[in-house]
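Trainee: I would like a close look at one part of this structure, the enclosed space inside it. Please take the lining residues by class and then place that part in the rest of the chain.

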Amino acid sequence: MRDESGYGLQRQAALLVDGDGIAWIGNSDERSARDADEVIDCRNRLLTPGLIDCHTHLVYAGDRADEFELRLEGASYAEIAARGGGIVSTVNATRAASEQTLFDETLPRVKALMDEGVTTLEIKSGYGLDSDNEIKMLRVAAKLESELGLRVRKTFLGAHALPPEYDGRADDYIALLCEEMLPRAHAEGLVDAVDVFIESIAFDVEQGERVLARAQQLGLPVKAHVEQLSDLGGAVMAAKRGALSVDHIEYLAVEDVASLAAAGTVAVLLPGAFYVLRENQMPPVAALREQRVPMALATDANPGSSPLHSLLLIMNMACTLFRLTPAEALRGVTINAARALGMEREIGSLEVGKQADIVLWDVERPSMLSYRVGVNPCAAVMQAGRWRNSEGLS
C-alpha cells in the first residue's frame with residue numbers, strides 16, 4: 001500500500017536483491033518474496049536508499065578551531081581569509097602532510113558518515129593547489145573507496161583558492177590549472193568531475209568559466225560553488241555550461257532560478273556552512289520549488305565553514321533553517337543528491353535495475369530521520385548487494 005505523503009512509502013513491502021542490484025519490489029506476501037534463496041525479516045523497519053553526501057571536502061590535514069573563535073568574536077569569513085586564514089591555512093597543513101597522514105586523519109570522518117547510512121560520497125580536492133598535492137588528495141579519496149567499500153566520486157577543485165605563491169597572478173594560476181594540473185589528474189584516472197569556487201575571495205566568473213570549459217574539453221562533468229557570499233552570476237554561467245549542480249546559492253537571485261530549471265541543474269543546499277558562518281541570507285527555496293529545480297543536501301564537511309560529519313543533522317538543519325519539508329530533506333540526500341553527481345540512473349532510489357544500496361532504520365516513519373538530533377537510528381546497511389554492517393538484524 002502506497003501513501004500520499006510525498007515519500008513514495010510502500011507498506012508490507014519486500015525487495016529482492018540479485019547480485020549487486022535490485023531485481024524486484026512488491027508486496028511481502030507475493031511469491032517472488034517467498035521464493036528467495038535467503039529471506040531476511042526486517043521487523044517493520046523503515047527501508048530507504050543508501051544516503052548520498054554529494055558535496056564534501058573531507059580530505060585535509062589540521063583544523064581551524066582558532067577561526068571558529070575569531071568568528072565568535074566578530075570576524076567575518078572574508079576577514080579571516082584576508083588575514084591568511086581560511087582555505088590557505090588548510091592548504092599549508094595539507095601540503096605538509098604525507099599521503100598516509102591524510103588518509104589516517106580522514107578515515108574517522110568518513111566512518112562517521114558511513115555509520116549513518118551513507119553509501120556514496122563525493123570528495124573534492126582543493127587544499128593542495130599544485131599538481132602534486134592535488135593529486136595526493138585525490139589518491140587518498142581513491143584509497144578510501146578501495147579500502148572501505150564505499151562509493152566515492154572524486155571532484156577536482158583546483159580552483160578553490162589562489163595559492164600564496166600566485167598572489168596577484170590569478171590568471172596565471174588558472175592557466176597552470178587548465179594546462180597542467182587538471183589534465184595530469186585526469187590522465188591518472190583520478191577525476192570524476194570538476195568544480196570551481198566563484199566568489200570575491202576566490203575566482204571571478206570568467207576565470208571559473210575557463211576551468212569549466214577545459215574540463216568539458218576533457219569530457220568531464222562540471223559543477224560550481226557559487227553565490228555563497230555575494231551574487232556574481234556564477235550560477236547562471238554554470239547552468240549555461242550544463243553543470244550537474246550549483247552549490248551554496250544563498251545569494252542566487254530569484255529571477256536566475258529559471259536558468260537552473262532550463263538546464264536541469266541541481267541546487268545543492270549546504271545548511272551546515274550557513275549555520276557555522278551564522279549567515280542570514282537564505283537560498284531562494286520557494287523559487288526553486290516553483291521552478292521544480294531539484295534540491296540536494298550535503299554536509300559540505302570541511303575544517304573551516306562546516307566541520308560537520310552527520311548527514312542526518314544536515315537534514316534537520318535543512319528543515320529548521322531553510323524550511324524544507326522532511327520529505328524534501330530525504331529526497332535531498334537520496335535521489336536529488338544522486339542527480340547532483342550525475343548518478344541518478346544507478347543510485348538514489350529503490351527501483352528495479354538500480355544498485356542495491358539500502359539502509360534499514362529503527363524509526364516508525366520517514367520524518368523521524370529529520371526530526372531527531374543526536375540519535376543514530378541506522379540498524380543495517382547494504383552496499384551494492386552486500387551487507388556492510390548487519391548487526392542490527394540479529
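**The largest cavity and its setting**

Mentor: Sorted by class, the lining of the largest cavity holds 4 nonpolar, 7 polar and 2 charged residues. The model is a predicted one, and everything below should be read with that in mind. The volume of the largest cavity is about 110 Å³. It is lined by 13 residues, and those closest to its centre are His57, Tyr77, His160, Asn302 and Ser305. By the classes used here, Tyr counts as nonpolar, while His, Asn and Ser fall among the polar residues. Of the five residues closest to the centre, then, Tyr77 is on the nonpolar side of the count.

The search of the whole structure gives 2 cavities of 30 Å³ or more, so the other one can be set beside it for reference. The second largest cavity encloses about 50 Å³. Its lining consists of Arg153, Thr155, Asp192, Ala193, Pro221, Lys223, Leu244 and Leu341. By class these divide into 4 nonpolar, 1 polar and 3 charged. The charged members are Arg153, Asp192 and Lys223, and Thr155 is the polar one.

An open space is worth adding to the two closed ones. The second largest pocket has a volume of about 230 Å³. Of the 15 residues in its lining, Ala81, Gly85, Val88, Ala161 and Ile201 lie nearest the centre. Two elements, α3 (77-82) and α4 (87-96), each give two or more residues to this lining. The largest share comes from α3, with 4 residues. The lining of this pocket has 11 nonpolar and 4 polar residues, and no charged ones.

Two single residues show how side chains are packed elsewhere in the chain. His248 belongs to strand β9, which covers residues 245-248. Its relative accessible area is 2%, so His248 counts as buried, the cut-off being under 20%. Beyond its neighbours within four places in sequence, His248 is in contact with His55, His225, Val226, Gln228, Val268, Leu269, Leu270, Ala273, Pro283 and Asp300.

Leu260 sits in helix α10, residues 257-263. Leu260 is also buried, because its relative accessible area is 1%. Setting aside neighbours within four places in sequence, the contacts of Leu260 are Ala235, Ala239, Val246, Leu252, Thr265, Ala267, Leu288 and Val293. One of these, Val246, falls within the range of strand β9. The C-alpha atom of Leu260 is 8.6 Å from that of Ser245, and 15 residues separate the two along the chain.

Now the chain as a whole. Its secondary structure amounts to 16 helices and 14 strands. Of its 394 residues, 55% are buried. Among contacts between residues at least 6 apart in sequence, 69% join residues at least 24 apart. The radius of gyration is 21 Å; a compact globule of 394 residues would have a value near 21 Å, so the two agree. Along the principal axes, the C-alpha trace spans about 70 × 45 × 45 Å. The accessible surface is about 16,200 Å², and carbon and sulfur atoms account for 46% of it.

To return to the part you asked about: the largest cavity has a lining with 7 polar residues, and His57, Tyr77, His160, Asn302 and Ser305 are the ones closest to its centre.

Notes:
Residues are numbered from 1 along each chain as its sequence is written. This is a predicted model: local features need pLDDT of at least 70, side-chain atom pairs count only at pLDDT 80 or more; totals for chains, interfaces and linings use all residues. Side-chain values use heavy atoms; hydrogens and water are left out. On a 1 Å grid over the protein atoms alone, a cavity is a set of points where a 1.4 Å probe fits but cannot get out, and a pocket is an open set with protein on both sides within 12 Å along at least five of seven lines; lining residues have an atom within 4 Å of a point. Grid points are joined across faces, edges and corners, and a volume is the space filled by probe spheres set on the points. The radius of gyration is taken over C-alpha atoms; the globule rule is 2.2 Å times the number of residues to the power 0.38. Buried means under 20% relative accessible area, exposed over 50%, partly exposed in between (1.4 Å probe, protein chains only). Contact means heavy atoms within 4.5 Å. Accessible areas come from the Shrake-Rupley method with a 1.4 Å probe; for residues, only the protein chains shown count as cover.
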